[in-house]
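Student: I keep meeting words like "buried" and "paired" when people talk about protein models. Can we go through one and see where each word comes from?

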Amino acid sequence: MPRTTLRRYVNGALLGLVLTAGGVMGAPAATAADLPVPTFTPATGGPNALFTLSGTGCTDTRPGAPRPGIILDSTTTPEFGDGTLTEADGSWSLPTSFGMGVALGAHTIVATCDRYDLGEQAYPTINVIVSATGVTLAPATTTAPSAAPTQATCGTCTTIASGDTLAVGKVVVMELRGYKPFEVVTVTMRSTPQVLGTFTASAAGVVTLRFTVPQNGAVNSSHTLTFSGNMGTADLVLPFKLGPAARQLAFTGADVTTPLALGTGLVLAGSAALVVARRRKPETDQV
């Protein structure tokens with residue numbers, strides 16, 4: 001029988017004797033709050049060196065209740081296990097070690113507060129590294145930030161490089177790749193934040209955007225376009241300068257008057273010819 005299972009069996013038997021002798025009655029106490037992360041003291045001298053785990057918060061405040069037990073297990077080493085009783089204030093400290101033949105590398109230790117009939121409550125896990133020189137705490141793991149999406153090139157796409165000038169009123173069409181499937185992407189122009197549109201990526205993580213550059217500052221002022229996904233993809237930020245509005249077709253007096261004068265002259269000439277023709281017709285009939 002593994003020593004952890006044996007210890008629980010013995011603890012359960014002792015609990016029955018204590019409860020019978022002490023007459024502890026009543027409903028179980030409310031579920032305890034989350035337990036703090038145990039303190040790990042490393043060890044040197046080899047993979048079987050003695051290290052220490054310490055903790056607090058394992059209490060049972062019922063009158064006459066026995067002190068809770070602490071059970072150490074490992075999710076990576078079934079042979080590992082140990083236990084102790086807490087102090088009256090719920091604190092504990094347990095020197096222990098891995099057994100012979102433990103595999104070198106990463107291992108996970110779980111400390112559990114055993115309140116017997118109230119059940120067990122696990123502490124946050126402790127990750128350690130077992131090496132030929134001892135047992136140490138594993139470095140905290142960090143999640144690498146996701147890469148920002150990239151601009152795709154296509155026949156109708158606008159590619160924006162840092163520092164480009166975009167004219168007021170310009171219609172920008174872009175295709176961005178690297179989003180999560182169906183991630184919602186919001187385009188915001190800053191410095192004064194102005195949302196230019198919201199778009200949804202395809203199942204392949206590709207989003208096609210179309211928006212118009214607004215008048216959001218003076219000509220040559222610096223701004224950014226920020227493309228923000230709602231599923232954790234890193235923002236794509238493109239700095240640019242605001243250019244003057246795109247020029248429209250010219251509309252001047254000279255451009256309109258000349259064609260208009262020519263057209264009017266032609267109309268008048270045609271009318272005069274029609275009148276002359278009508279006056280000559282009766283003279284022809286009298287001959």
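Tutor: Here is a conversation about how the terms are earned in this model.

Tutor: This is a predicted model, so local features need pLDDT of at least 70 and side-chain atom pairs count only at pLDDT 80 or more, while totals for chains, interfaces and linings use all residues. Residues are numbered from 1 along each chain as its sequence is written, and side-chain values use heavy atoms, with hydrogens and water left out.

Student: How many helices and strands does the chain have?

Tutor: Two helices and 18 strands. Both kinds are DSSP runs numbered from the N terminus: helices are H or I with at least four residues, strands are E with at least two.

Student: Why is Phe-51 called buried?

Tutor: Buried means under 20% relative accessible area, exposed means over 50%, and partly exposed is in between (1.4 Å probe, protein chains only). Phe-51 has 0% relative accessibility, so Phe-51 counts as buried. Phe-40 comes out at 11%, so Phe-40 counts as buried too. Over the chain, 34% of the 287 residues count as buried.

Student: What makes strand β3 "mostly covered"?

Tutor: Strand β3 runs over residues 51–55, and five of its five residues are buried. Phe-51, Leu-53 and Gly-55 point one way, Thr-52 and Ser-54 point the other way, and all are buried.

Student: Which strands pair with β3, and how do you know?

Tutor: Two strands pair if DSSP finds at least two bridges between them. Strand β1 (residues 39–41) and β3 have three bridges, in the antiparallel sense; here Phe-40 has Leu-53 as its bridge partner. β3 also pairs with strand β6 (residues 92–96), antiparallel over five bridges, and Gly-55 stands opposite Trp-92 there.

Student: Why is the contact between Phe-40 and Phe-51 called a tilted aromatic pair?

Tutor: Rings of Phe, Tyr and Trp (its six-membered ring) pair if their centres lie within 6.5 Å; planes under 30 degrees apart count as stacked, over 60 as edge-to-face and the rest as tilted. Phe-40 and Phe-51 are 5.5 Å apart centre to centre, with 40° between the planes, and that makes a tilted pair. Phe-40 lies in strand β1 and Phe-51 in strand β3, so the pair ties together parts 11 residues apart in sequence.

Student: And what makes the pair of Phe-51 and Phe-80 stacked?

Tutor: Try the angle: 20° between the planes, at 6.4 Å centre to centre, gives a stacked pair. Phe-80 sits in the loop between β4 (69–74) and β5 (81–85), so this pair ties together parts that are 29 residues apart in sequence. Both Phe-51 and Phe-80 are buried. Phe-40, Phe-51, Phe-80 and Phe-98 form one aromatic cluster.

Student: What makes a group of residues a nonpolar core?

Tutor: A nonpolar core is a set of buried Ala, Val, Leu, Ile, Met, Phe, Trp, Tyr and Cys residues joined through side-chain atoms within 4.5 Å. The largest one here has 23 residues, and those with the most contacts inside it are Met-174, Leu-209, Phe-211, Leu-225 and Phe-227. β18 (236–243) is one of the strands that each supply at least two residues of this core, and β18 gives the most, with four. A second, separate core has 22 residues, including Leu-35 and Val-128. In soluble globular proteins, nonpolar side chains tend to be buried together.

Student: How do you know that β14 and β15 form a pair?

Tutor: Count the bridges: β14 and β15 have six, in the antiparallel sense. Val-184 has Thr-200 as its partner in β15. The two strands form a hairpin with three residues between them. β14 also pairs with β17, antiparallel over six bridges, and Val-185 stands opposite Gly-229 in β17.

Student: Why is Thr-226 called buried, and what makes its link to Arg-190 a polar contact?

Tutor: Thr-226 is found in strand β17. Its relative accessible area is 7%, so Thr-226 is buried. A polar contact is a pair of N or O atoms within 3.5 Å; within protein, one must be able to donate a hydrogen and the other to accept it, and residues adjacent in sequence count only if both atoms are side-chain atoms. The side chains of Thr-226 and Arg-190 are joined by such a contact, of 3.2 Å.
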